[in-house]
Every structure is written in C-alpha cells, then in structure tokens.
Amino acid sequence: MPALGLGTWQNEAPEQCAESVRTALEMGYRHIDTAQAYGNEDAVGNGIERAAVDRDDVFLATKVWTDRLAYDDVLESTQESLDRLGTDYLDLLYVHWPAGEYDAEETLSAFAELRDEGSIDRIGVSNFEPRHLDAAKEALDAPVFANQVEMHSLLQQTELREYCAEAGIELVAYSPLARGKVFDVDVLSEIADAHDASEAQVSLAWLIEKGVTVIPKATSEAHIQDNWAALDLELTEEDITRIDNIGRSRRLIDPDFAPEW
Ligand code: NAP
C-alpha cells in the first residue's frame, strides 16, 4: 500500500474533486481514499479516468457505510461503489465504523465473499479498537489487512500502534494534519522552520517514520504538492523525540455512534 495517499472527505464539488484526484495521480500519488458516505465516488472515478495513469497502478480504497453492513447490503452497496468508481475491483474495502448494522460474523463473511470472487483485493476496517480487531480476526480466521483510524501528532495512538504491529495489521492515519490543527503547534512550526518545510510535511513525515500510511485530504494543487514533498523530508532523531513528547490527546472525530475509545 503506498505510504502516502489522497484523502477526499468533504471534497464534494464533483469537478473539483475529479481535478484533485487527477492532479494527485499525475504528480505521482498512487493511493486514493474515498467512502460511500463522502458522496464523491463518481467524481473520484472521473479523476482516475482523466489521469494519464493506469487504473491498475492506483491503490483505490472505499468504505461501506454503517447502514449497509448487513450481508446482502455489503454485496449490493459494494457493486454500487464499483459502478460509481468505474472499476471492477477495489484494492481495499473498509468497514467504515463498527456501528449501525455491523456484526463481525455477518458483515465480514460478506467481505470475504467479495474477496473470494475478486471484487476486492483486501479487507480493511476503520475506527476499530483492539477488541473489535480481535473479534474480526476470529470471524475471518485471519487478521484484517488494515485499520484506518484518526492519528496525528496530537493523538498518537501509541497502544493501537503496538497492538497492530504485533498483530500484523497495517495502520492508515486519517486526519493526519489534525484537520489543520497541526499549523498551530509550536514544536511542529519550529521543526518545519529548521528544515525549510511546512508543518504539514513534518506531521506526515513523522507518521510515515512510524510505519503508518497517511491520507491527507487536499484540494488545491499547492496543498497536494506540499503534502507529496513530505516523502522527501527526513526528520532527525531529535525531531522525532520532540514530536513523540508533544503529550496531547486531541480526538477530532467522535460521532455519537463511535465506539467507546
Ligand atoms: P486532514 O487531512 O488532517 O486535513 C485536511 C485539511 O487540511 C483541509 O482543510 C485541507 O485544505 C488542509 N490541508 C491539506 N494539506 C494542506 C497543506 N499542505 N497546507 C495547508 N493546509 C492543508 O483531515 P481529514 O480530511 O479529516 O482527513 C484526511 C482523510 O482521511 C479524509 O479526507 C478521508 O479520506 C479520511 N478520513 C476517514 C475517516 C474515517 O472514519 N475512516 C474520518 C475522517 C477522515 P484543502 O482541502 O483546502 O486543501
């Protein structure tokens, strides 16, 4: 899975969203993250189609919303996602939240069916805590490929990182720029200044250094480019320790159907 992808939540205007995806792919991004709930799978599909990049070279991920997690609904809604995205397979399909119609046995057996018939390459989950990952492993008889969770320098997810490393589960950090909050953290600004980089690049480079995949959402070419350059930023040991020690716990995404964290 490419370590840096493009997030698309709230990139809703169809033309803008398609252009953001095209721009990112032509710049070198090879990982795009969307979801049924974002209402932009059509636009994401258009962006992939427009880009001078083969579909097979793109790692494409979407997520099944909480009201489509019963067995038949998973199969049906995934087919609808494939149609909107203009593709016949997904590289990764996530359970968006362990909520609503989610039932480990029922939901994940539908995901396994999709994998066995070739509509999806990998099974992922999102917003899962260790207890949900344990139940998923039991239902699937194997660990899930990835868990996508909120993670950034202000919510470092130390325990979940340890759990996933041990369990062989990839972590994907959503809201890796803390939805813009990283620009107001002095430590990040100081490190950014020292490297002639942006706080966004420092934030992403720190996560990538931890072995975590990042999917910052960016709309304009300037932001898409700024984030891409994080791949070239090498933080020092001291930078990493300073960020490790920021010592804040700021969760930004916590809807009322979220699990107890
Ligand atoms: P984010 O990536 O932390 O931050 C996005 C915000 O930062 C946008 O306002 C964006 O503005 C701005 N930005 C991006 N790059 C920038 C740069 N280089 N300099 C200055 N500003 C910059 O937040 P997010 O959208 O919440 O999270 C990223 C992705 O994770 C989402 O798009 C979605 O794909 C996924 N996600 C998943 C879940 C889940 O439940 N699984 C939940 C939340 C998010 P512009 O748009 O103007 O560029």
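A nonpolar core is a set of buried Ala, Val, Leu, Ile, Met, Phe, Trp, Tyr and Cys residues joined through side-chain atoms within 4.5 Å. The exercises below apply to a predicted model.

**Exercise 1.** Find how many residues the largest nonpolar core has, and which have the most contacts inside it.

Solution.
- Step 1: The largest nonpolar core has 71 residues.
- Step 2: Inside this core, F111 and L235 are the residues with the most contacts.
- Step 3: Neighbours within four places in sequence are set aside; L235 is then in contact with I191, H195, V202, A205, W206, I240 and I243.
- Step 4: Separate from this core is a second one of 12 residues, with W97, A99, Y174 and A258 included in it.

**Exercise 2.** State which residues come nearest to the ligand, and describe polar contacts made with D33, K217 and A178.

Solution.
- Step 1: There are 27 residues around the ligand, and D33, R179, K217, T219 and H223 come nearest.
- Step 2: D33 places a polar side-chain atom 2.7 Å from a ligand oxygen atom.
- Step 3: For K217, a polar side-chain atom lies 2.8 Å from an oxygen atom of the ligand.
- Step 4: A178 takes part through a polar backbone atom, 3.4 Å from a ligand oxygen atom.
- Step 5: The ligand taken alone exposes 900 Å², of which the protein buries 86%.
- Step 6: The largest pocket is the space that the ligand takes.

How values were computed: Residues numbered from 1 in each chain as written. Predicted model: local features only at pLDDT ≥ 70, side-chain atom pairs only at ≥ 80, totals over all residues. Heavy atoms only, no water. Buried < 20%, exposed > 50% of the residue type's maximum accessible area, 1.4 Å probe, protein only. Contact = heavy atoms within 4.5 Å. Near = heavy atom within 4 Å. Polar contact = N/O pair within 3.5 Å; in protein donor to acceptor, adjacent residues only side chain to side chain. Areas by Shrake-Rupley, 256 points an atom, 1.4 Å probe, with all protein chains shown as cover. 1 Å grid on protein atoms, 1.4 Å probe; cavity = no way out; pocket = protein on both sides within 12 Å on 5 of 7 lines; lining within 4 Å. Sits in = over half its atoms within 2 Å of the grid points.
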